[in-house]
Structure formats: C-alpha cells, structure tokens
Amino acid sequence: MKRLLGEAGFFAYLDALNQPYTRALRVNLLLRPDGTPPCPIEGLGAPVPWAKGAYFVEGDARPGLSPLHEGGLFYMQEPSALTAVTALDPQPGERVLDLCAAPGGKSTQIAALMAGRGLLCCNEPIPSRAQILSRNIERMGVRNAVVLSAMPDALAPRFPAFFDRILVDAPCSGTGVMNEKPDVKYRVTEEGVQALCRTQKDILDAIAPMVKVGGTLVYSTCSILPQENEEQIRAFLERHPEYEIQPMGAELPEKLAAHENAFGLQMFAHRDGTDGFYVCRMRRVKA
C-alpha cells in the first residue's frame, strides 16, 4: 500500500480507515422520476454528485429502518458503488445484463434509469443470494427484469452478442471497504487475491462475446489492489483487442474525473471521501 499511495498517502489512508464510513441512499426514480423524496427522510444530506436521486446520509441516522424503505421508496447504497451504473449509462429500451447482481443495488439503479422499458437481466450465481436479489427487485417495483442464477460460462453460449450493456461488479478482496468491514484486513491473503484474480479473468473472458458490437462493458470492484483492477483490465484488453477503453469523464464530477487514468477510475477513502472503489468502462468496437 505504501508503494501504491506514497508515504503521506499511506498514512492518510490508514487514518481514513478509522473514520465512520460514508453512506448514501438512492430515491427510486421509478416512483419519483425527478429524484426528490416526497417527504422528509431521516439523515438525508447533500446530493451525491455522480448519481441522480442519490443523497449522502448524515450522522447515525438509520433510514433503512423506515417503512418508506420497505415500501421501495429508496435503496441504501454505498456512494462509491453508484459510479458503476453511472458509467454503464443504461438507456430505456436496451438489453442490459447485471452479471453479479445480488443483493440488487446496482440492478435496481439500472432499472430506474431504464424507466420500465427494455430488458434487464439480473444474474446471481449463488441461489440463496438470487432469492435476496429477487426480493429487492420486487420491493423496488421493477417490472421489466428477469432474475437468473447461472455461472457466466453457462450464460455466454445462450446470449451471443445480445446485450447493449453489461455490468460486471466482480467478486473481489473487499480491500476498499475495510472501514465498513474491518475484518477484511484479517481475511485477505496473497493466495486468496491470486484466486480472485483468476476468477475475475474467467468472468471477463466468458462474457466478452455477449456484448453487441458498439455495446458497453463496465467492470467494477470494491478493491484498491491494482492486480484486481488496472492490471486485470490491461490483461483483458491484450486478450480481447475487440474492446477499447471508453473514458467516463463526461459522466463524472470534475473532482473524480481528474483521477481517471488510461485504465479506469480508482477511488480512495482518504482522497475522495468514499469507500475504495474501482470502475472501468469499455466499448466493443469489432466482432
């Protein structure tokens, strides 16, 4: 970490891990298309500048216990994670796949931007987690989605060049969320990260043929390790010359866009005031 961030950045990062983690909620645009809540919500703070209808949650407020949450008016979601769907930029009428979808935050964010038009496939390979995903899809009133539970290599032969946009929020080490989940620091090992990198590679290779020519592939993790992020994408592009990076700058606030590099955007708690998160957008430019 010290090599990655430099000495000053490393100690700022350690300090950030001891601070309360940043929280947000996202108003359901299917119910409130302008993104404004219809009534007061406990702890509602300033808008999250990179996601429509999203707001920071202040202090110790627990709006997730509100009946409004159970009724589908809003979804509790990490503010950094909202950038993945902002980068995906789903449009009404498209075919979209959220590949690793449970518990449903990004799927319901996608559905809200699709405004009930088009097809949204929400896939979760683990059946028990797929049930949680289904409940959240129903709770948020999504009507144009199907929930699947399949491994990526099983989906690929059935959907060749089918989707306009695919989001891969990949299994990862979770090293970006250690202030929220402190036990992560005791579970991450070099061997474990290497195994995750192999899984991420296999997922990307499996779904690459599922994107239409001209379509969008977004890869994200809640990791801050380069081997799971920039290095993973660099190797993917070497294996798949039919893809190229599509910068996200226009969709991001200036402060975040300034940190985007040739292989995506890495967010850090000490620099960006959010959890650690990585997102990269690519376009399929040829068959």
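This report walks through a pocket, a helix, the cysteines and a few single residues of one protein model. The model is predicted.

**The largest pocket**

The largest pocket has a volume of about 1100 Å³. Its lining counts 43 residues. Closest to the pocket centre are Arg129, Asp169, Ala170, Pro171 and Cys222. Several elements each give two or more residues to this lining: strand S4 (74–76), helix H4 (105–114), helix H6 (152–155), helix H7 (184–187) and H8. The largest share comes from H8, with 7 residues. What is the lining made of, by class? It has 23 nonpolar, 9 polar and 11 charged residues.

**Helix H9**

Helix H9 covers residues 230–239. Glu230, Gln232, Ile233, Phe236 and Leu237 are buried there. Seen down the axis of H9, these buried residues fall within an arc of 160 degrees, so they line one face of the helix. A general rule helps here. An α-helix has 3.6 residues a turn, so residues three or four places apart point the same way. What covers the buried residues of H9? The cover includes helix H8 (190–207) and four strands: S9 (211–221), S10 (243–245), S11 (265–267) and S12 (277–284).

**Cysteines without a bond**

A disulfide is a covalent bond between the sulfur atoms of two cysteines. The count in this model comes to 0 disulfides. Why is Cys222 not bonded to Cys172? The cut-off for a disulfide is a pair of sulfur atoms within 2.5 Å. The sulfur of Cys222 has its closest cysteine sulfur in Cys172, 3.4 Å away, and that is too far for a bond. Cys280 is unbonded too, because its closest cysteine sulfur, in Cys197, is 15 Å away. Are these residues buried or exposed? Cys222 counts as partly exposed, at 26% relative accessibility. Cys280 is buried, with a relative accessible area of 0%.

**Two buried residues**

Ser220 sits in strand S9. Its relative accessible area is 0%, so Ser220 is buried. Which residues does Ser220 touch, leaving out those up to four places away in sequence? They are Ala84, Leu167, Val168, Asp169, Ala170, Phe277, Tyr278 and Val279. Two of these, Asp169 and Ala170, are also among the residues closest to the centre of the largest pocket.

Pro79 belongs to the loop between S4 and helix H3 (82–88). Pro79 is buried as well, with a relative accessible area of 1%. Leaving out residues up to four places away in sequence, Pro79 touches Thr22, Arg23, Ala24, Val48, Trp50 and Phe56. Pro79 and Glu124 are 45 residues apart in sequence. In space they are 22 Å apart, C-alpha to C-alpha.

**Backbone details in loops**

Ala102 and Pro103 are joined by a cis peptide bond, with omega of about 5 degrees. Pro103 lies in the loop between strand S5 (95–98) and H4.

Asp89 and Ala115 also deserve a look. Asp89 is not a glycine, yet its phi is positive. Ala115 is not a glycine either, and its phi is positive too. The table sets out their values.

| Residue | Phi | Loop | Relative accessible area |
|---|---|---|---|
| Asp89 | about 55 degrees | between H3 and S5 | 30%, partly exposed |
| Ala115 | about 55 degrees | between H4 and strand S6 (119–123) | 37%, partly exposed |

How values were computed: Residues numbered from 1 in each chain as written. Predicted model: local features only at pLDDT ≥ 70, side-chain atom pairs only at ≥ 80, totals over all residues. Heavy atoms only, no water. Buried < 20%, exposed > 50% of the residue type's maximum accessible area, 1.4 Å probe, protein only. Arc of directions from axis to C-beta. Contact = heavy atoms within 4.5 Å. 1 Å grid on protein atoms, 1.4 Å probe; cavity = no way out; pocket = protein on both sides within 12 Å on 5 of 7 lines; lining within 4 Å. Points joined across faces, edges and corners; volume = space filled by probe spheres on them. Nonpolar A, V, L, I, M, F, W, Y, C, P; charged D, E, K, R; others polar.
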